Amino acid sequence: MENLPSPLVIEILSRLKDSTDLARCRVVSNTLNEASYEVRSLTLVCSMSRYLKSRSPETKHLITPFKTVLKNLVLRSPNLESVSLGVDRSLGGISFDDVEDESDDLHLTDFNFIQDWLPSLSKSIKSLSVSDFWVQSCWRQSQALSLISSTCHGLVQLVVRNAWLVVDGLCLMPTLTNLTLEFVRLDDEDLNMLNTCFPNLTQLNLIGVGGLKEPKINLPHLRTCQWSVSNAPLSLNISAPSLVDFHLKCIKPRLLFLEAPSLSNFNLSLENTDELVLKNCGNIQCLQLEVECFSLGYILSMFQRCVAVERLSLDFVRKTPRVVDVGADQVREFGLDMLLNYFPNIRYLSLGSEAWRVMESSFCRGSLENGIETKTLKELVAYIVVLEIEFTLAFIFSVLDKCTQLGGVSLLIHSDVDPCVAGNLISACRTKFPGVRWRWGIWKEGIKDTWVSDGI
């Protein structure tokens with residue numbers, strides 16, 4: 001590496017996954033030593049091994065404190081544009097019972113700790129990521145946001161995980177466009193400070209953020225958003241005229257209001273709600289729904305003006321078998337006609353295992369009327385559990401008889417289904433509809449789908 005151009009050496013060192021290696025590089029050669037002070041990116045993660053050694057009486061005197069390592073690296077690298085520090089995910093399994101003291105050596109959102117090194121990067125830093133140690137941070141309020149907002153005038157991306165954040169003293173950050181808060185307690189009940197101080201966000205990720213009661217997102221430039229909400233908020237209100245891609249997972253808010261005229265891809269996981277209001281959402285083209293079986297009719301009716309939907313994925317929130325059976329009885333006429341009535345222009349349809357099961361049960365009970373043919377649906381994906389092969393085959397055939405332009409059908413069969421039964425199902429389908437492009441696979445809860453054949 002002595003003969004490599006200096007910019008290339010700096011780029012290599014900036015990509016180190018563990019920046020503690022920088023110290024080792026400095027003693028290898030003069031070239032690496034000089035280049036190490038010019039790195040633009042720093043990543044430092046406290047591993048489980050380091051954590052255990054720092055606690056062991058036999059080895060703790062050999063371990064340099066994690067915060068000290070970080071401060072030394074930052075103060076010797078004045079050109080840093082990106083800093084990422086945190087604890088390894090494996091430390092998330094450590095509980096309060098495993099901790100015998102009230103140490104703060106890994107409390108990484110501690111105001112005083114951040115104040116020791118962040119001001120030196122105020123002009124250069126553009127990206128900051130802090131993943132705190134939950135056992136030490138969850139009961140300690142942090143004013144890190146106020147310090148970051150008042151110090152980092154050119155910050156573009158901010159990620160904070162596993163912390164308790166207050167918004168007192170939060171300043172306007174006009175350059176910030178990307179914000180991620182994950183497993184954070186945020187003392188901003190309605191998200192007013194977030195909307196006010198981060199007005200130019202284009203990407204927002206709120207994953208498991210607590211402390212919210214009636215949160216409102218009102219961001220004119222927001223384009224992509226992922227929001228996972230607990231059952232605590234009474235209502236959710238989203239107004240985002242530029243929003244294109246929205247993933248929302250919530251439980252049972254009383255009110256869900258969404259105004260997003262540019263929304264194209266909407267992924268909604270919702271058990272139930274007293275009121276769902278979709279305002280100016282007629283441009284949705286790709287819709288993914290995971291809802292409670294009981295509320296299907298109401299929720300679908302709220303999408304009746306979304307006629308631009310071409311790709312629809314549907315499944316039901318998983319419940320115990322007994323509850324699901326009751327839900328199936330209450331949705332006795334759940335079939336393709338019901339979906340096509342609300343989404344007449346869908347070309348692609350994916351049915352999760354629960355949605356397929358309820359639809360197949362409705363068919364087998366004879367509660368579905370003979371619907372008209374449809375020529376819009378071109379591709380079908382279904383996750384199935386074969387209980388009675390005769391019923392499953394009859395339902396599959398009825399779907400293909402109705403959807404005359406179906407060119408491709410992908411069936412993922414649960415791994416617990418007898419291979420002989422699955423083989424007979426596949427053979428019967430190919431024989432009955434040889435002109436269809438069949439694709440077969442295996443699915444199981446919590447495991448990635450496995451495709452056995454492709455386009456037979």
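**Close-up views of a predicted model**

**View 1. Four strands line up in an open sheet, in the order E7-E9-E11-E13, with parallel pairing.** Strand E7 (216-218) and strand E13 (275-279) stand at the edges with a single partner strand each, so one side of each has no neighbour in the sheet. On average, and ignoring direction, neighbouring strands here are turned by 5 degrees against each other. Please keep in mind throughout these legends that the structure is a predicted model.

**View 2. Inside this sheet, strand E9 (residues 235-239) runs parallel to strand E11 (residues 255-259), and five bridges join them.** To find your way along the pair, start at Ser-239, whose bridge partner in E11 is Glu-259. You can then look for Ile-238, which stands opposite Leu-258 in E11. Turning to the pairing of E11 with E13, you will again find five bridges and a parallel run. A handy landmark there is Phe-257, which stands opposite Val-277 in E13.

**View 3. Two asparagines, Asn-162 and Asn-280, show positive phi values.** For Asn-162, phi is near 60 degrees, a positive value in a residue other than glycine. Where does Asn-162 sit? Look for Asn-162 in strand E4 (residues 157-166). For Asn-280, phi is near 55 degrees, again positive in a residue other than glycine. Asn-280 belongs to the loop between E13 and strand E14 (286-291), and E13 is one of the edge strands of the sheet in the opening view.

**View 4. Strand E2 (residues 82-87) pairs with strand E1 (residues 41-46) and with strand E3 (residues 127-131).** E1 and E2 pair in the parallel sense over six bridges. Within this pair, Thr-43 has Ser-84 in E2 as its bridge partner. E2 and E3 also run parallel, and five bridges join them. Here the residue to look for is Gly-86, whose bridge partner in E3 is Ser-131. As a general reminder, strands of a sheet pair through backbone hydrogen bonds, either parallel or antiparallel.

**View 5. Helix H13 (residues 353-364) crosses H14 at roughly 95 degrees, and their axes come within 10 Å.** Since crossings from 65 to 115 degrees count as roughly perpendicular, H13 is therefore roughly perpendicular to H14. On the H13 side, the contact is made by Trp-356, Met-359, Glu-360, Phe-363 and Cys-364. These residues meet Phe-391, Thr-392, Ala-394, Phe-395, Ile-396 and Ser-398 in H14. Sorted by class, the contact of H13 with H14 has eight nonpolar, two polar and one charged residues.

**View 6. Helix H14 (residues 389-402) also packs with helix H15 (residues 419-432), with axes that come within 11 Å and cross at roughly 30 degrees.** Angles under 35 degrees count as roughly parallel, and H14 and H15 are therefore roughly parallel to each other. H14 passes H15 in a right-handed crossing. Which residues of H14 meet H15? They are Ile-389, Thr-392, Leu-393, Ile-396 and Phe-397. Facing them in H15 are Val-421, Asn-424, Leu-425, Ala-428, Cys-429 and Lys-432. By class, this contact of H14 with H15 has eight nonpolar, two polar and one charged residues. Thr-392 and Ile-396 are worth picking out, as they appear in the contact with H15 and also in the contact with H13.

**View 7. E18, H15 and E19 make a right-handed β-α-β unit.** The two strands of the unit, strand E18 (residues 408-414) and strand E19 (residues 437-444), run parallel and are joined by seven bridges. Val-409 is a good starting point, with Trp-438 as its bridge partner in E19. The helix of this unit, H15, is the one that H14 passes in the previous view.

**View 8. E19 and E20 form a hairpin with two residues between them.** Do E19 and strand E20 (residues 447-453) run parallel or antiparallel? They run antiparallel, joined by four bridges. Trp-440 has Ser-453 in E20 as its bridge partner. In the turn, look for Gly-446, which has a positive phi of about 80 degrees. E19 thus has a parallel pairing with E18 and an antiparallel pairing with E20.

Technical notes: Residues numbered from 1 in each chain as written. Predicted model: local features only at pLDDT ≥ 70, side-chain atom pairs only at ≥ 80, totals over all residues. Heavy atoms only, no water. Axes fitted to C-alpha atoms, helices over the stretch in contact; angles between N-to-C directions. Parallel < 35°, antiparallel > 145°, perpendicular 65-115°, else oblique. Left-handed = near helix turned anticlockwise from the far one by under 90°. Contact = heavy atoms within 4.5 Å. Nonpolar A, V, L, I, M, F, W, Y, C, P; charged D, E, K, R; others polar. Pairing = 2+ DSSP bridges. Right-handed = clockwise from strand over helix to strand, strands pointing away.
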